[in-house]
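This report walks through a pocket, a covered helix and a few residues of the model below. Please keep the coordinates open while reading.

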Amino acid sequence: MEDNKKAAIVILNWNGSKMMQEYLPNVVECSRDEAEVIIADNDSTDDSLQMLGRNFPQLRTIVLDRNYGFAEGYNRALKQVDAEYYILLNSDVEVTNHWLRPLLDYMDSHNDCAACQPKLLSMAERGRFEYAGASGGKLDCLGYPFCRGRMFETVEADNGQYDTPDLLAWGTGACLLIRKKDYWDAGGLDPRFFAHNEEIDLCWRLRIMGRHIMVIPQSKVYHVGGGTLPKGNPMKTYLNFRNNLTMIYKNVESNRLRAVMRRRWFLDYLAAFEMLILGRNWGDFKAVVKARCAFKRWRKDFEADRERIQSMRRVPDAEILYRHSILWQYYAKGHRTYDKLDQ
């Protein structure tokens, strides 16, 4: 099979005409030798489709009948894509020359690997990592995500300190190369999440099944970030907390579930009151409380998912999750960068 038939870059778009006009020419130019570029439109109300027809008539466009969100939008689009590898790519990403080759070479030579990501750098500060994925995603023992190069609000400069490939807990949805077979074997992205944490949930399932997720920093891209919901948006806070709790409930080992959920109840409300008292942020406070209530209401809807996922378990969480609390490491011990964490 030829390389250009092997991989498909799928950009899920919603009202991103300006972003695509700015970054799509670069993606097409730097990727055409290795992959087909496809746009999946989530029922945009701007001029996205007209712009694509005018400026990029050579690209395939998949038009969805309504906005299904990130998770279900990708599921519906990818069902219409025939390729060995999918590349999920945000519309606000600038790629570099030959960026796909290290990713494809690694996947072709490592059949145990389900997915990989490149090094993600900031478009605004090109010498720094980007918040959404940096040099690979990790999860702590309580389900809090962090990255090599980004912990909470601390984003490091890229000085080559994380340039070795590494086994991850999750790869960023901003730019993720994943085998078609693994994507569907794990059930795809959970459409109930709508957006936020859905790629972490998918990657955790794959790790449970014994598959690997890797970062290959020899490939690098630049990400604008925050393109869908800006930082500090109460809806983003709501989705992050609700979906993170749901992800934990689905995936964490049975012998740890009760303890983890109990500790998260305390920590979530602590975070909510900190937002209210220190940040005077009534909107985010209400979003956290609303997220906790929403999770409690729909938790029973995920019981069957949890049973199925745990029945597929081949790898214990001790081999997937960072064994310490990242909150304790960061706030109590002052370890603000990944290389300073206790091992």
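Which residues lie nearest the centre of the second largest pocket? They are Lys138, Ile320, Leu321, Tyr322 and Tyr338, among 17 lining residues. Strand S7 (137–139) and strand S11 (166–167) are the elements that give two or more residues to this lining.

This is a predicted model, in which local features need pLDDT of at least 70, side-chain atom pairs count only at pLDDT 80 or more, and totals for chains, interfaces and linings use all residues. Residues are numbered from 1 along each chain as its sequence is written, and side-chain values use heavy atoms, with hydrogens and water left out.

**The pocket**

The second largest pocket holds about 230 Å³ of space. A pocket here is an open set of points on a 1 Å grid over the protein atoms alone, where a 1.4 Å probe fits, with protein on both sides within 12 Å along at least five of seven lines; lining residues have an atom within 4 Å of a point. The volume is the space filled by probe spheres set on the points, which are joined across faces, edges and corners. By class, the lining has ten nonpolar, one polar and six charged residues. Asp, Glu, Lys and Arg count as charged; Ala, Val, Leu, Ile, Met, Phe, Trp, Tyr, Cys and Pro as nonpolar; the others, Gly among them, as polar.

**Helix H4**

Helices (H or I, at least four residues) and strands (E, at least two) are DSSP runs, numbered from the N terminus. Helix H4 (residues 69–78) is mostly covered, with nine of its ten residues buried. Buried means under 20% relative accessible area, exposed over 50%, and partly exposed in between (1.4 Å probe, protein chains only). Phe70, Tyr74 and Leu78 are among the buried residues of H4. Their cover includes strand S1 (7–13), strand S4 (85–89) and helix H7 (198–208).

**Positive phi**

Two residues other than glycine have positive phi.

| Residue | Phi | Loop | Relative accessibility |
|---|---|---|---|
| Ala134 | near 45 degrees | between S6 (113–122) and S7 | 0%, buried |
| Phe152 | near 50 degrees | between S9 (150–151) and S10 (154–155) | 16%, buried |

**Pro145**

Pro145 lies in strand S8 (residues 145–147). Why is Pro145 called partly exposed? Because its relative accessible area is 23%. Pro145 touches Lys138, Leu139, Arg150, Trp170, Ile200 and Asn244, not counting residues up to four places away in sequence. Contact means heavy atoms within 4.5 Å. Pro145 and Ile200 are 55 residues apart along the chain, with their C-alpha atoms separated by 8.3 Å.
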